[in-house]
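Here are some exercises to work through with the model open beside you. Try each task before you read its solution.

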Amino acid sequence: MTETAPDGLDEVYDSEQAPWGAARREAYANDQDSPDALIAVTAPSNRSKADKDPAEWLPSDASCHCAYAATWVGTKLRWDLAADEAERDALLGLAEEGPATVVAYEPAP
């Protein structure tokens, strides 16, 4: 097993609302205060996901899609990251599939 953050670092750079300094990037990369910061996955799954957002990649197990989307959105909100139109559309579609799924997050320090 390997671990992956919902948002890869390349995705974060693409999603920054304003450029982050080195300290903020390091805080994101080492975020241990969020239970969703790292999710154990197989190495092939981690490689297939790479830095793709939910418009480009979803877990192979469709029963995980709503929880994955909620974790993704929680991470975006926690770190004040933007979503492009394709990503937003994909997330809205996933929200329709899991209307009872709750997005939980605390803003990052």
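A charge sits over a ring if NZ of Lys or CZ of Arg is within 6 Å of the ring centre and within 35 degrees of the ring normal. Keep in mind that this is a predicted model.

**Exercise 1. A charge and a ring**

Task: find out which residue lies over the face of Trp 20.

Solution. Start at the ring of Trp 20 and look at what covers its face: Arg 24 lies there, at 5.3 Å from the ring centre. The cut-off for the distance is 6 Å, and Arg 24 meets the rule. Next, see what else belongs with this ring: Trp 20 forms one aromatic cluster with Tyr 28 and Trp 79.

**Exercise 2. Aromatic pairs**

Task: work out how many aromatic pairs there are, then classify the pair Tyr 28 and Trp 79 and the pair Tyr 68 and Trp 72.

Solution. Step one is the count, which comes to 5 aromatic pairs. Step two is the geometry of Tyr 28 and Trp 79: the ring centres are 5.3 Å apart and the planes stand at 80 degrees, so this pair is edge-to-face. The angle that matters here is 60 degrees, since planes over 60 degrees apart count as edge-to-face.

Step three is to place the two residues on the chain. Tyr 28 is in helix H2 (residues 22-29), while Trp 79 is in the loop between helix H4 (65-78) and H5, so the pair links distant parts of the chain, 51 residues apart. Tyr 28 and Trp 79 are both buried.

Step four is the other pair. The rings of Tyr 68 and Trp 72 have centres 6.0 Å apart and planes at 40 degrees, so they count as tilted. Tyr 68 and Trp 72 both lie in helix H4, 4 residues apart, or about one turn of the helix. Tyr 68 is buried at a relative accessible area of 10%, and Trp 72 is buried at 0%.

**Exercise 3. Salt bridges**

Task: count the salt bridges and say which parts of the chain are tied together by Asp 31 and Arg 78 and by Lys 76 and Glu 87.

Solution. The count is 2 salt bridges. Take Asp 31 and Arg 78, whose closest N and O atoms are 2.8 Å apart. Asp 31 sits in the loop between H2 and strand S2 (39-41) and Arg 78 in helix H4, so this salt bridge ties together parts that are 47 residues apart in sequence. Now check the burial: Asp 31 counts as buried at 8% relative accessibility, and Arg 78 counts as buried at 9%.

Then go to Lys 76 and Glu 87, with their closest N and O atoms 3.0 Å apart. Lys 76 is in helix H4 and Glu 87 in helix H5, so this pair ties together parts that are 11 residues apart in sequence. Lys 76 and Glu 87 are both buried.

**Exercise 4. Cysteines**

Task: explain why Cys 64 and Cys 66 make no bond with each other.

Solution. Begin with the cut-off: a disulfide needs two cysteine sulfur atoms within 2.5 Å. The cysteine sulfur closest to that of Cys 64 is in Cys 66, 9.9 Å away, and that is too far for a bond. Try it from the other end and you get the matching answer, because the closest cysteine sulfur to Cys 66 is the one in Cys 64, at 9.9 Å. The structure as a whole holds 0 disulfides. As for exposure, Cys 64 counts as partly exposed at 33% relative accessibility, whereas Cys 66 is buried at 17%.

**Exercise 5. A surface patch**

Task: name the residues that form a nonpolar patch on the surface, and decide whether Val 103 is buried, partly exposed or exposed.

Solution. The patch is made of Leu 77, Val 103 and Tyr 105, which together have about 250 Å² of accessible area. Now pick out Val 103, in the segment after helix H5 (85-97). Val 103 has a relative accessible area of 37%, so it is partly exposed.

How values were computed
Residues are numbered from 1 along each chain as its sequence is written. This is a predicted model: local features need pLDDT of at least 70, side-chain atom pairs count only at pLDDT 80 or more; totals for chains, interfaces and linings use all residues. Side-chain values use heavy atoms; hydrogens and water are left out. Patches are made of residues with over 30% relative accessible area and no salt bridge: like charges are joined within 9 Å, nonpolar side chains (Val, Leu, Ile, Met, Phe, Trp, Tyr) within 5 Å. Accessible areas come from the Shrake-Rupley method with a 1.4 Å probe; for residues, only the protein chains shown count as cover. A salt bridge is a side-chain nitrogen of Lys or Arg within 4 Å of a carboxyl oxygen of Asp or Glu. Helices (H or I, at least four residues) and strands (E, at least two) are DSSP runs, numbered from the N terminus. Buried means under 20% relative accessible area, exposed over 50%, partly exposed in between (1.4 Å probe, protein chains only). Rings of Phe, Tyr and Trp (its six-membered ring) pair if their centres lie within 6.5 Å; planes under 30 degrees apart count as stacked, over 60 as edge-to-face and the rest as tilted.
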